[in-house]
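Subject: Handover of a model and notes on its side chains

Dear colleague,

I am passing on the model we spoke about, together with my notes on it. Please have the sequence and the coordinates open as you read.

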Amino acid sequence: MSRRRRGDDINGVLVLDKPAGMTSNAALQQVRRLLNAARAGHTGALDPLATGVLPLCFGEATKFAQRLLEADKTYRTVARLGQRTNTSDADGETVQERALPSALDADAVESVLAPFRGAIEQVPSMYSALKYQGRPLYEYAREGRTVPREARPVRIDELTVLRLEGDELELRVRCSKGTYIRTLVDDIGEALGCGAHVAELRREQAGPFELAQALTLDDLENMGRAAAREWLQPSDVLLSDLPATVLDGPRAISISNGQAVTISPSESAVDGLCRLYDQDGRFLGLAEGAGEAIRPRRLMRTGAS
């Protein structure tokens, strides 16, 4: 006798304002229990210290979560100047303390920030989840070991000073995937000559999702299960940056069965990834077009919405 999956078959995306002091997975599991969802996943973890936008995927939406891992993000961070920690954030142990520059002002900071804008390279922190020989780097770090790490290209589209007050430097950072804010802050601290670590970190945006859409755990608890489910956004929101293609009945059925379909010369050819819909507006999934052919990549389960 097969085991019955626990939870309800619900689909969609809910944007959580993750609290500080909680892992992303712990937050996900708490929301999953509240919604009584059978299947759930998040779209890229935030450190326990961090707060803010954490899109959570349920049911069929988990098939498209990878797209958000590739998306740009926006953060607000407070850097504590004069102290380096072993993790480059406030959860770590202080490993070095130095005096702040005597002439530390907005102009001095701005001159240091300029080289960090645009295309740069970062050496990932030993406390990151990147893997080396099959193990996350943080596991080596907890054993007191340092392993080789190659610099990786990232892009910083915005790096703005919001506040400079005493030993606190508040920044807004808009960046590409793979950017480590703790590494950025540590590098800025070294450029200033005093060291720094992340004291606060808040993600304000991830792909199409912003803080204005986010609910806290208290919000969800207080509104109850039925009301919380009303905040689920449809699965295709994860693909909102892609063009949409509408297929007629026979071709919608064919591609839903995993078969490639063709686009006639009178229709718009699709090159690259696209969202698929039937003529009733039902989302079918992710596909890839090449000229007149469209091939399925990841499809919604038949009957799912």
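What follows goes from the overall build to charged residues, and then to the aromatic rings.

Please keep in mind throughout that this is a predicted model. The protein has 305 residues, of which 45% count as buried, and its secondary structure consists of seven helices and 18 strands. Taken along the principal axes, the C-alpha atoms fill a box of roughly 70 × 45 × 40 Å. Among contacts between residues at least 6 apart in sequence, 68% join residues at least 24 apart.

Charged pairs

Side chains of opposite charge can pair when their charged atoms come close. Searching the whole structure gives 31 salt bridges, and I describe a few of them here. One is formed by Arg-182 and Asp-47, whose closest N and O atoms are 2.6 Å apart. This pair links distant parts of the chain, since Arg-182 belongs to helix H5 (residues 181–192) while Asp-47 sits in the loop between strand S2 (40–42) and strand S3 (51–58), with the two positions 135 residues apart. The two partners differ in burial: Arg-182 counts as buried because its relative accessibility is 9%, whereas Asp-47, at 29%, counts as partly exposed.

A second salt bridge joins Glu-168 and Arg-80, with 2.9 Å from N to O. Glu-168 lies in strand S11 (residues 168–175) and Arg-80 in strand S4 (residues 73–81), so this pair ties together parts that are 88 residues apart in sequence. Arg-80 has a relative accessibility of 23% and therefore counts as partly exposed.

A third salt bridge brings together the side chains of Glu-143 and Arg-135, at 2.6 Å from N to O. Both partners count as partly exposed, Glu-143 at 45% relative accessibility and Arg-135 at 25%. Beyond such single pairs, salt bridges that share partners join Arg-76, Arg-80, Arg-163, Glu-165, Asp-167, Glu-168, Glu-170, Arg-172 and Glu-204 into one network. Arg-135 also lies over the face of Tyr-140, at 4.5 Å from the ring centre.

Lys-18 and the loop residue Asp-47

Asp-47 comes up again in the surroundings of Lys-18, a residue of strand S1 (residues 12–18). Lys-18 counts as buried because its relative accessibility is 1%, and a polar atom of its side chain lies 3.4 Å from the backbone oxygen of Asp-47. Not counting residues up to four places away in sequence, Lys-18 touches Thr-23, Ser-24, Ala-27, Leu-46, Asp-47, Pro-48, Ala-50, Thr-51, Gly-52 and Leu-54. Of these, Ala-50 is 32 residues from Lys-18 in sequence, yet the C-alpha atoms of the two are 7.6 Å apart in space.

Two residues of strand S12

Which buried residue of positive charge has no salt bridge, although Asp-47 is its nearest side chain of opposite charge? It is Arg-203, for which the distance to Asp-47 is 9.3 Å; a salt bridge would need a side-chain nitrogen within 4 Å of a carboxyl oxygen. Arg-203 is placed in strand S12 (residues 196–206), and a polar atom of its side chain is found 2.8 Å from the backbone oxygen of Val-53. Apart from neighbours within four places in sequence, the contacts of Arg-203 are Gly-44, Leu-46, Thr-51, Gly-52, Val-53, Leu-54, Pro-55, Lys-73, Thr-74, Tyr-75 and Leu-211.

His-197 lies in strand S12 as well, and it counts as buried because its relative accessible area is 4%. With neighbours within four places again left aside, His-197 is in contact with Val-78, Ala-79, Arg-80, Gln-83, Thr-85, Ser-88, Asp-89, Ala-90 and Val-185. Arg-80, in that list, is the residue described above as the salt-bridge partner of Glu-168.

Aromatic rings

A pair of aromatic rings is described by the distance of the centres and the angle of the planes. The count for this model comes to three aromatic pairs. One of them is formed by Tyr-277 and Phe-283 and is tilted, with 5.6 Å from centre to centre and 50° between the planes. Tyr-277 and Phe-283 are both buried, and together with Phe-64 they form one aromatic cluster.

With best wishes

Terms used: Residues numbered from 1 in each chain as written. Predicted model: local features only at pLDDT ≥ 70, side-chain atom pairs only at ≥ 80, totals over all residues. Heavy atoms only, no water. Helix = DSSP H or I, 4+ residues; strand = E, 2+ residues; numbered from the N terminus. Buried < 20%, exposed > 50% of the residue type's maximum accessible area, 1.4 Å probe, protein only. Lys, Arg positive; Asp, Glu negative; His and termini not counted. Polar contact = N/O pair within 3.5 Å; in protein donor to acceptor, adjacent residues only side chain to side chain. Contact = heavy atoms within 4.5 Å. Phe/Tyr/Trp six-rings, centres within 6.5 Å; stacked < 30°, edge-to-face > 60°. Lys NZ or Arg CZ within 6 Å of the ring centre and 35° of its normal.
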